[in-house]
Amino acid sequence: MGVSGFIKGFSFLRRTKPRARFHPYAYIQWRNFSDSRILNRNDSLLPVLIVGAGPVGLVLSILLNKFGIKCTVLEKNKIFSKHPQAHFINNRTMEVFRKLDGLAEEIQRSQPPVDLWRKFIYCTSLTGSILGSVDHMHPKDFEKVVSPISVAHFSQYKLTRILVKMLENLGLGIHSLEGPEGLHPEPLRGREILMGHECVSIDTTDECVTATVSFSKEGKLLTRKIQSKILIGADGAGSTVRKLVGIQLKGEKDLQKLVSVHFWSKELGQYLLNKRPGMLFFIFNTEAIGVLVAHDLTQGEFVLQIPFYPPQQNLEDFSPEICKKLILKMVGQELSDIDVIDIKPWVMHAEVAERFVCGNNQIMLCGDAAHRFPPAGGFGMNTGIQDAHNLAWKIASLLKGVAPSSILATYETERKPIALFNTALSVQNFRAAMAVPATLGLDPTVANSVHQVINKGVGSILPSGMQKVILDGIFSIGRSQLSGLILNENNPLGSSRLAKLRHIFEEGKSLQLQFPAEDLGFRYPEGALVPDSKDVASAPELPTGRRRDYVPCADPGSRLPHMNVRVLSNFPSEETISTHDLVSVDKVEFLLIIAPVEESYNLAQAAFKVAEEYKVSTKVCVLWPADTVTGFQRGSKAKLAPWKNYSDIIEDSSHNQYRKQYLEWLKTPRTWNTGQLYCFMHNKILEFDFESLT
Ligand SMILES: Cc1cc2nc3c(=O)[nH]c(=O)nc-3n(C[C@H](O)[C@H](O)[C@H](O)COP(=O)(O)OP(=O)(O)OC[C@H]3O[C@@H](n4cnc5c(N)ncnc54)[C@H](O)[C@@H]3O)c2cc1C
């Protein structure tokens, strides 16, 4: 795989140029899209239209804007969602955010201190006995050895707020009813978010995608047509775009139905903050069962997840008053300040779209529109944001004239396997979460089967009121397993259950929060890399649902490993940066990191020549080992002349346990191809074939 990836990467230009020559009409169209001056004159055709202003659509819009690509975002709701929903931001997403104008740092400043959310707590009530507690942060999570940044806990609506602010700072207008520019700007500039605009139909031709968009004006429902070169469906789990283009989802449906109750209580926040701080609280008692997500203990902001069994139960069974009573049953004592904000049913699925790209590479799905997972492990939004990161540089490469439209097909080749893998991982983790109630005698699969029997079996012929009574009766018999009479060390059954629980927690067999091996160790065995028969990609290890460490890897298609370095032109400045900081975020640029050895310099020379021929920006970084600081002044300048776009960097993490491995990667040619080094392209590693250049 990827032996001549870098060069073949450039070879998309080889394909583009003949295309332009032999198909003048297509060439003219092509130039239109890659030339922003022409776009400004004829703005009826947008470069990119994003449907959906959830976190994924907003992040994609920021990334595209940073590359200088214009895009308009449609959002069917008139205001941004205020439901907290996602809250765990994984390591890779934080690495993406770290490159976006201080976004990661702002999240770190604004999130609750890590000691308030590092644990999951299992208890009979929030003030009752603790059945177990699991700390999900390990000392190495703070050492910054494998990543320059750590995971975060920050509510989705707060993230949305920051993303919108960032877009405003980038010059995008938010057109809402209250907005100064009005709801319906004409003409579109490719620099706006249109609130209250719903995509209702899509047509494609070879030249463009036309979206029909509905909105209301003075009480009337109107439509307008918006044409774009590319349309992105970032419109969530129920994606209209996915349905309109006829893409099916595959996987398991309806794993569980739940009701989310968003509420505030400073009293509860203060109690938990002082007595038992944590992120998730799994509560099991004879009167109620649920999972409390502590979004912010200091502010007292929570979401309670309660199992929901329609049609015997309906949303009226979860009125604010009933929810308050349920909350008190789970707290185990009176609270005077519960304020229920929002009650929302939702269904857990484990499904991935059959295709992520369609319509002649003009329409793409990303985020929940392309995959919907159980929230166990918090992979949903994270995977979606990483989809956007993958897609943005490819769209920019196309619209800047660096690559043909076939580069967009590689988005599916690379991201769909990741979505399938993360689905399997989330399902494993969801099943691990069920181990605790099952050990307590409350197997949720049994509850679901009972519910199925009532719905579809003999129970279905009973009047609905009676079905509800039966269901409540069966569940309350189940919950009686949690009574203090059974669940104590003196009762043989209780003591055996408590011992099994301890074992589950100690062995890491309960719900996990962090998956470093999967979070950072994902790899694209094919896609934007050109496959090579010499490379037999090993299949990723199947998910176990348990935490596994990430081991840095420089195989083609892996994420660029992090290493602390210092830029030698600033020497003796002590400022340390990450190898990730060497990668450009605002232009499509190839980055080649080499060792200061003869054949690597030759390789870099050849890369510069190819880059010049194809007018692709390329940067070379010469990485010097820590003890060679004096050699660099004579070294690179002479070896790389006349090229100037290079810098000498020096490793700054001699304590790093992976140091030797990193340096070896840069120096050692592979046995099957001499002269081979690694090229890092936008955080992805491409292998570089020296021989094919000479
Ligand atoms: C309880 C819970 C906890 C979770 N916790 C985590 C977590 O900790 N970490 C994590 O990574 N993920 C988590 N998730 C998943 C996460 O919330 C989703 O993956 C995330 O919201 C997906 O973002 P999105 O932008 O793809 O879609 P959405 O957030 O659904 O946004 C889609 C947007 O598109 C708009 N839209 C829809 N149709 C149209 C249309 N036709 N025209 C115009 N606009 C349209 C919608 O109004 C919406 O604003 C959790 C989910 C749940 C339910």
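The expected span of a helix is taken here as 1.5 Å times one less than its number of residues. With that yardstick in hand, a look at helix 17 of this predicted model goes quickly: the helix covers residues 598–614, 17 residues in total, and its first and last C-alpha atoms sit 25 Å apart, close to the expected 24 Å. A good share of its side chains is tucked away, the buried set being Ser600, Tyr601, Leu603, Ala604, Gln605, Ala606, Ala607, Phe608, Val610, Ala611 and Tyr614. Right after helix 17 comes lysine 615, with a positive phi near 55°.

Now for the sheet. Strands of a sheet pair through backbone hydrogen bonds, either parallel or antiparallel. Here, 8 strands line up as an open sheet with mixed pairing, and the order reads 5-4-13-14-15-12-16-19. The edges belong to strand 5 (130–135) and strand 19 (371–372), each of which pairs on one side only. At the strand 5 end, the neighbour is strand 4 (residues 119–123), and these two pair in the antiparallel sense over 5 bridges. One bridge can be pinned to residues: isoleucine 121 has serine 133, in strand 5, as its bridge partner.

Helix 12 (residues 406–439) ties in with this sheet as well. The helix lies across strand 4, strand 12 (249–264), strand 13 (280–284), strand 16 (339–353) and strand 19. Relative to strand 16, helix 12 runs at about 125°. Strand 4 thus turns up twice, as a partner of strand 5 and as one of the strands that helix 12 lies across; edge strand 19 is also among those crossed by helix 12.

A few backbone oddities in the loops round things off. Aspartate 101 has phi near 45°, a positive value in a residue other than glycine. Its place is the loop between helix 5 (91–98) and helix 6 (103–110). Aspartate 101 counts as exposed because its relative accessible area is 53%, and the cut-off for that class is over 50%.

Asparagine 360 tells a similar story, again a residue other than glycine with positive phi, this time near 55°. This asparagine lies in the loop between strand 17 (357–358) and strand 18 (363–365). With a relative accessibility of 51%, asparagine 360 is exposed too.

Finally, there is a cis peptide bond to flag. The bond joins alanine 641 and proline 642, with omega at about 5°. Proline 642 itself belongs to the loop between helix 18 (632–640) and strand 24 (646–651).

Technical notes. Residues are numbered from 1 along each chain as its sequence is written. This is a predicted model: local features need pLDDT of at least 70, side-chain atom pairs count only at pLDDT 80 or more; totals for chains, interfaces and linings use all residues. Side-chain values use heavy atoms; hydrogens and water are left out. Helices (H or I, at least four residues) and strands (E, at least two) are DSSP runs, numbered from the N terminus. Buried means under 20% relative accessible area, exposed over 50%, partly exposed in between (1.4 Å probe, protein chains only). Two strands pair if DSSP finds at least two bridges between them. Contact means heavy atoms within 4.5 Å. Axes are lines fitted to C-alpha atoms, for helices over the stretch in contact, and angles run from 0 to 180 degrees between N-to-C directions.
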